[in-house]
Amino acid sequence: APSRKPLMAGNWKMNKNHLDAILLVQKMAFALKDADYDAVDVAVIPPFTAIRSVQTVIEADRYRIQHGAQDVSPHASGAYTGEIAASMLAKLGCSYAIVGHSERRQYHGEDDALVNAKAKAALGADITPILCVGEGLEVRQAGGHVPHVLVQVDGGLAKLTAEQVRRTVIAYEPVWAIGTGEVATPKDAQEVCGAIRTRLAELYDGGVADDVRILYGGSVKGGNIAGIMAQDDVDGALVGGASLDPGEFVKICRYRD
Ligand code: PEP
């Protein structure tokens with residue numbers, strides 16, 4: 001049987017300055033126990049400006065919380081004003097970089113080719129990309145969500161080796177469920193996450209498909225996480241709003257209780 005360790009990743013989006021960020025990490029760390037980290041990987045994904053502070057507090061106090069970035073440049077270095085290279089994130093101890101979040105696709109015109117280049121850049125620096133995919137409301141209402149998401153998966157993973165895909169995390173985030181309070185039903189989440197895993201087996205092999213962690217994201221809270229985690233192909237959550245509340249995020253990490 002596959003032994004995928006669940007991942008609960010908190011995407012803070014454009015919230016928390018570096019001092020607020022330290023406080024939030026400390027509050028989480030006081031609540032979380034070794035048994036929590038043994039059961040799930042816990043990650044915080046602050047804005048770029050807070051990553052160094054988060055790294056410092058985690059290392060100084062030996063917290064077992066992991067951290068990551070919300071985006072990464074597809075380029076290695078050079079004349080790309082405003083961008084952050086994967087090597088810079090690696091130097092800050094980042095384990096993860098989100099690529100292709102729906103807010104980047106929507107407001108910054110990111111397409112699958114760019115998202116793919118970002119995933120490659122992250123992997124090249126030994127950072128795990130969290131590749132976000134998900135359909136909008138119109139596609140969902142027309143019943144086209146599975147093929148829509150699979151096109152994003154194919155495009156986002158294009159030309160990655162099986163070994164690179166094995167190290168990648170995929171997050172299924174239906175756009176209509178992000179920040180809306182409207183969570184997908186556990187069955188909806190399983191339908192798409194299951195289809196993604198089947199696609200991975202077709203593109204690579206069953207071993208790769210068994211290893212890849214597939215997260216659900218979209219209005220996850222302490223009160224709805226258990227049903228979602230009970231699904232066979234859901235291996236964790238990418239959490240926005242609720243990750244800013246340490247009590248709520250810790251509840252999500254303890255979905256088994
Ligand atoms: C997200 O943006 O990744 C997300 C899932 O947001 P929320 O939990 O706030 O819906």
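Analyst: A residue is called buried if 20 or more other C-beta atoms (placed from the backbone) lie within 10 Å of its own, exposed if 12 or fewer do, and partly exposed in between. One thing up front: this is a predicted model, where local features need pLDDT of at least 70, side-chain atom pairs count only at pLDDT 80 or more, and totals for chains, interfaces and linings use all residues. Residues are numbered from 1 along each chain as its sequence is written.

User: Okay, which residues of helix H3 are buried?

Analyst: In H3, they are Ala50, Ile51, Val54 and Ile58. The label H3 comes from DSSP runs numbered from the N terminus, with helices being H or I runs of at least four residues and strands E runs of at least two. H3 itself covers residues 48-60.

User: What makes you say that the buried residues of H3 line one face?

Analyst: Look down the axis of H3: the buried residues fall within an arc of 115° (the arc of directions from the helix axis to the C-beta atoms), so they line one face. Over on the other side of H3, Thr49, Glu59 and Ala60 are exposed.

User: What do the buried residues of H3 pack against?

Analyst: They pack against helix H1 (18-31), strand E2 (41-45) and strand E3 (66-69).

User: How do you know what span to expect for H3?

Analyst: The expected span is 1.5 Å times one less than the number of residues. H3 has 13 residues, for which 18 Å is expected, and its first and last C-alpha atoms are 19 Å apart, close to that. Helix H8 (145-157) also has 13 residues, and its reach of 18 Å is close to the expected 18 Å.

User: Which residues of H8 are buried, and why would you say they share a face?

Analyst: The buried ones are His145, Val149, Gln152, Val153, Gly156 and Leu157. Down the axis of H8 they fit within an arc of 115°, so they line one face of the helix. Among the elements covering them are helix H6 (112-124), strand E5 (128-133) and helix H10 (186-203).

User: Where is the active site, and what makes it one spot?

Analyst: UniProt, in an unreviewed entry, places "active site" at His101 and Glu173. UniProt positions follow the numbering used here, feature names are shortened, and annotations may be inferred rather than shown by experiment. The two residues span 73 residues in sequence, yet their C-alpha atoms are no more than 8.5 Å apart, so they gather at one spot.

User: Are His101 and Glu173 buried or exposed, and why?

Analyst: His101 has 27 C-beta neighbours inside 10 Å, so it counts as buried. Glu173 has 28 other C-beta atoms within 10 Å, so Glu173 is buried too. His101 sits in the loop between strand E4 (96-99) and helix H5 (102-107), while Glu173 is in the loop between E6 and H10.

User: What does Glu173 touch?

Analyst: Leaving aside neighbours within four places in sequence, its contacts (C-beta atoms, placed from the backbone, within 7 Å) include Ser102, Cys132, Ile178 and Gly217.

User: Why is Trp12 called buried but Lys13 partly exposed?

Analyst: Trp12 has 21 C-beta neighbours inside 10 Å, so it is buried. Lys13 has 17, so Lys13 counts as partly exposed. Both lie in the loop between E1 and H1. UniProt's unreviewed entry lists both under "binding site", along with Asn11, Gly179, Ser219, Gly240 and Gly241. Those residues are spread over 231 residues of sequence, but the largest C-alpha distance is 13.8 Å.

User: What stands out about the phi of Ser219?

Analyst: Ser219 has a positive phi of about 55° although it is not a glycine. Most residues other than glycine have a negative phi. Lys16 has a positive phi as well, near 80°. Ser219 is in the loop between strand E7 (213-217) and helix H12 (225-229), and with 20 C-beta neighbours inside 10 Å it counts as buried.

User: Which residues are closest to the ligand?

Analyst: Of the 13 residues around the ligand, the closest are Ile178, Gly179, Gly217, Gly240 and Gly241. A residue is near if its C-beta atom, placed from the backbone, lies within 6 Å.

Note on methods:
Contact = placed C-beta atoms within 7 Å.
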